[in-house]
Every structure is written in structure tokens, then in C-alpha cells.
Amino acid sequence: QNADYIIIAAGIHEGEFQDRSSLSLPGNQEAFISEVSKLNKPVTVVLVGGSAIKTTSWKDRVGAILDVWYPGEEGGNAVAKILFGAENPSGKLPLTFPVEEGQLPLSYNHHPTGRGNDYYDLSGEPLYPFGFGLSYTTFEISDLKLNRSGYAQSDTIQAQVTVKNTGSKAGSEVVQLYVKDLLASVSRPVIELKGFQKVHLQPGESRQVMIELPVQQLQFLDKKMNWAVEKGTYRIMVGWRLAAEEELISGLAVGNCGTARRTAAAAACGGVKGDRRHMMRACGMRRWMWETGRVGDRE
């Protein structure tokens with residue numbers, strides 16, 4: 001009760017043949033967090049574990065959550081530097097954190113279901129999406145440009161954006177590039193991570209970042225189980241995290257899909273909203289835009 005700041009270390013039990021039926025913190029840890037939060041002190045929860053942990057019932061009662069996974073023997077020093085502000089976190093989630101277990105399986109690159117993703121009593125959106133993470137500063141990503149308007153299978157798509165540190169502290173941002181195949185001969189993931197690049201910026205500093213994507217990396221196994229890059233329509237999106245699909249594609253105009261042409265549509269997407277502000281990893285942009293190009297127009 002006399003503390004100025006409270007740090008709670010919480011975690012889960014994992015191991016071979018030790019599957020969990022619940023993603024919540026086991027034992028009385030969640031009750032402990034709830035009781036401590038009633039003291040109205042600044043509270044940070046440090047999560048230790050190698051998989052998703054459900055924070056739905058207590059996330060709004062604490063100031064921040066730092067997910068350290070299994071940090072190793074130097075983990076204590078790393079956590080201390082982040083908590084005291086000597087280091088600015090910039091990690092991104094390598095998996096999806098659900099709101100409730102009923103949403104599982106929940107993966108960002110799932111195949112189309114042919115129906116909506118929402119439930120009768122719950123949204124289909126995750127608690128923290130794949131690629132999400134905050135830091136002690138904020139970033140803006142803008143001015144997305146492709147290197148040309150037409151591509152052959154031997155070409156490389158170059159997506160260039162401007163990244164600006166809009167906060168008051170130096171920090172690093174992980175710029176992520178996603179691809180969506182709008183029409184293919186077989187079922188394709190709704191979206192796929194195809195590239196990323198980290199950039200370190202001082203407060204107010206801007207820098208152009210380029211992510212290269214060889215067209216050959218758009219290949220997939222066709223119905224004859226042969227690797228192929230099909231002509232058609234792709235959408236290329238660049239942002240600081242994976243947003244809901246409607247955020248990524250809203251207002252995006254692409255060309256008609258066909259067997260003779262492939263359109264690459266580029267969009268920068270993002271924004272921090274709702275409970276996602278709690279996960280201290282790397283913070284994001286405020287706007288999104290798009291640009292189009294064609295793959296398959298060059299021989």
C-alpha cells in the first residue's frame with residue numbers, strides 16, 4: 001500500500017503433454033491483479049510464457065502489460081531496462097491473442113470460411129492481433145509507393161514508405177508488408193506476411209523505408225500441386241501491425257481480375273484503438289493509403 005509503483009510478475013505452466021484447457025492465468029493470479037489494482041497505483045504486469053495468455057478480464061485494470069516470453073538468464077536485465085525506460089521496446093507478437101477461447105483456432109493467415117467471422121455474443125476480432133506491439137513513442141507511416149506499375153515473374157516489387165517518429169522518445173518501428181491474393185485457382189489465405197524491416201528513429205525524425213518482395217515469393221501450390229505464380233489480382237499492404245481486414249481494404253480500388261493480368265494494390269493501414277494500447281511493444285501510424293501496379297503486364 002505504500003508503494004509508488006507496482007510490478008506484478010505472472011505466468012503460465014507449460015510443457016510436453018501439459019496442454020491447457022484455459023488461456024487465463026492459472027491459480028489466483030488474476031484475482032491478485034484485480035485486488036492490487038484497487039490500490040489505484042500505477043501497475044505493470046510482466047507476463048512469462050511461451051504462448052498466448054488471455055488478459056480479457058483484467059487488462060483494463062492495469063497501466064501496461066509487458067510480455068517477455070522466456071527471456072533467458074539475461075532476461076532480468078532486459079526487463080529492468082524496459083521498465084525503467086533505458087530501452088524502448090519494439091517487439092511484435094508472433095501469434096494472435098484471443099479475447100475468449102471460443103474464438104480458437106485463431107490465426108491471421110487462415111483461409112476464407114465463406115461466412116462471417118463474428119459470433120452471436122462476441123466479435124471475431126482478436127484481443128491483440130498478429131504483429132501487434134507498442135512502445136514508449138508513436139510512429140506514422142505514409143506515402144506508400146511501388147517501384148513500377150507492371151511486373152514480370154522475374155521482377156521484384158519494391159514498396160517504399162515514409163516512417164516518422166511522432167513521439168517524444170527515440171525508438172524502433174517494425175514496418176510490415178502483407179499480401180492478399182484476391183482471386184486464385186485454389187483457396188488462398190486471407191492475408192500473408194511477406195516482409196518486414198526495423199528502423200530506428202529519433203523524435204521527429206523521418207526516413208524512407210523500402211521492403212523488397214520478389215514476385216516469385218507470391219507462388220503457391222496449384223491444384224496440380226505445382227508451384228506457380230498465377231496472373232490475377234493481388235493487394236499489397238504496409239503498416240505497423242495487422243489490422244482488421246476491413247481497415248486494410250476499405251476504399252481500396254483495384255482493377256478487374258482476370259487470367260491475363262495481375263494487379264498489385266498497395267495500402268498502408270493501422271491506428272491504435274481500444275484495449276490494444278496496453279501491450280507495450282511498438283506503436284503505430286495514424287493513416288493509410290494505397291497505390292496500384294500490375295504484375296503480369298511485363299514479359
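# Surface, cores and pairs in a predicted model

The accessible surface of the protein comes to about 15000 Å², and 49% of that surface belongs to carbon and sulfur atoms. The model is a predicted one.

Colleague: How many helices and strands are there in the protein?

Modeller: The elements are numbered from the N terminus. The protein has three helices, and its strands come to 14.

Colleague: What percentage of the 299 residues in the protein is buried?

Modeller: A residue counts as buried when its relative accessible area is under 20%. Of the 299 residues, the buried ones make up 48%.

Colleague: Among contacts between residues at least 6 apart in sequence, what percentage joins residues at least 24 apart?

Modeller: Contact here means heavy atoms within 4.5 Å. Of the contacts between residues at least 6 apart, the part that joins residues at least 24 apart is 73%.

Colleague: Which residues have the most contacts inside the largest nonpolar core?

Modeller: In soluble globular proteins, nonpolar side chains tend to be buried together. In this model the largest nonpolar core has 48 residues. With neighbours within four places in sequence left aside, Val45 is in contact with Ile8, Ala10, Ile33, Trp58, Val62, Ala64, Ile65 and Leu66. The residues with the most contacts inside the core are Val45 and Val163.

Colleague: How many residues does the second, separate core have?

Modeller: Phe130, Tyr178, Val190 and Ile191 are included in this second core. Its residues number six.

Colleague: Is Met225 buried or exposed?

Modeller: Met225 sits in the loop between β10 (220-221) and β11 (227-228). Together with Leu221 and Trp227, Met225 makes a nonpolar surface patch of about 360 Å². The cut-off for exposed is over 50% relative accessible area. Met225 has 57%, so Met225 is exposed.

Colleague: Is Tyr128 buried or exposed?

Modeller: Tyr128 belongs to the loop between α2 (75-83) and β4 (139-146). Tyr128 has a relative accessible area of 0%, so Tyr128 is buried.

Colleague: How far apart in space are Tyr128 and Thr55, C-alpha to C-alpha?

Modeller: In sequence, Tyr128 and Thr55 are 73 residues apart. In space, their C-alpha to C-alpha distance is 9.9 Å.

Colleague: What is the angle between the planes of Tyr108 and Phe130?

Modeller: The count of aromatic pairs comes to six. Tyr108 and Phe130 form a stacked pair, 4.1 Å centre to centre. Both residues lie in the loop between α2 and β4, so the pair ties together parts that are 22 residues apart in sequence. The angle between the planes is 10°.

Colleague: Are Tyr108 and Phe130 buried or exposed?

Modeller: Tyr108 has a relative accessible area of 16%, so Tyr108 is buried. Phe130 has 13% relative accessibility and therefore also counts as buried.

Colleague: How many residues apart are Phe132 and Trp240?

Modeller: Phe132 and Trp240 form a tilted aromatic pair, with 5.7 Å centre to centre and 50° between the planes. Phe132 is in the loop between α2 and β4, while Trp240 is in the loop between β12 (233-239) and α3 (245-249). Phe132 and Trp240 are both buried. In sequence, the pair links parts of the chain whose separation is 108 residues.

Colleague: Which residues form one aromatic cluster?

Modeller: Phe132 and Trp240 belong to the cluster, and so does Tyr128. The full set is Trp69, Phe97, Tyr128, Phe132 and Trp240.

Colleague: Which residues are linked with Lys54 in a network of salt bridges?

Modeller: The structure holds nine salt bridges. Lys54 pairs with Glu100, their closest N and O atoms being 2.9 Å apart, and with Glu101, where that distance is 3.1 Å. Glu101 lies in the loop between α2 and β4 and Lys54 in the loop between β2 and β3, so this pair ties together parts that are 47 residues apart in sequence. The residues in the network with Lys54 are Glu100 and Glu101.

Colleague: Is Lys54 buried or exposed?

Modeller: Glu100, at 30% relative accessibility, counts as partly exposed, and so does Glu101, at 23%. Lys54 has a relative accessible area of 13%, so Lys54 is buried.

Colleague: Where does Glu173, which meets Lys92 in a salt bridge, lie?

Modeller: The side chains of Lys92 and Glu173 meet at 3.2 Å, N to O. Both residues are buried. Lys92 lies in the loop between α2 and β4, so the pair ties together parts that are 81 residues apart in sequence. Glu173 lies in strand β7 (residues 171-181).

Terms used
Residues are numbered from 1 along each chain as its sequence is written. This is a predicted model: local features need pLDDT of at least 70, side-chain atom pairs count only at pLDDT 80 or more; totals for chains, interfaces and linings use all residues. Side-chain values use heavy atoms; hydrogens and water are left out. Patches are made of residues with over 30% relative accessible area and no salt bridge: like charges are joined within 9 Å, nonpolar side chains (Val, Leu, Ile, Met, Phe, Trp, Tyr) within 5 Å. Accessible areas come from the Shrake-Rupley method with a 1.4 Å probe; for residues, only the protein chains shown count as cover. A salt bridge is a side-chain nitrogen of Lys or Arg within 4 Å of a carboxyl oxygen of Asp or Glu. Helices (H or I, at least four residues) and strands (E, at least two) are DSSP runs, numbered from the N terminus. Buried means under 20% relative accessible area, exposed over 50%, partly exposed in between (1.4 Å probe, protein chains only). A nonpolar core is a set of buried Ala, Val, Leu, Ile, Met, Phe, Trp, Tyr and Cys residues joined through side-chain atoms within 4.5 Å. Rings of Phe, Tyr and Trp (its six-membered ring) pair if their centres lie within 6.5 Å; planes under 30 degrees apart count as stacked, over 60 as edge-to-face and the rest as tilted.
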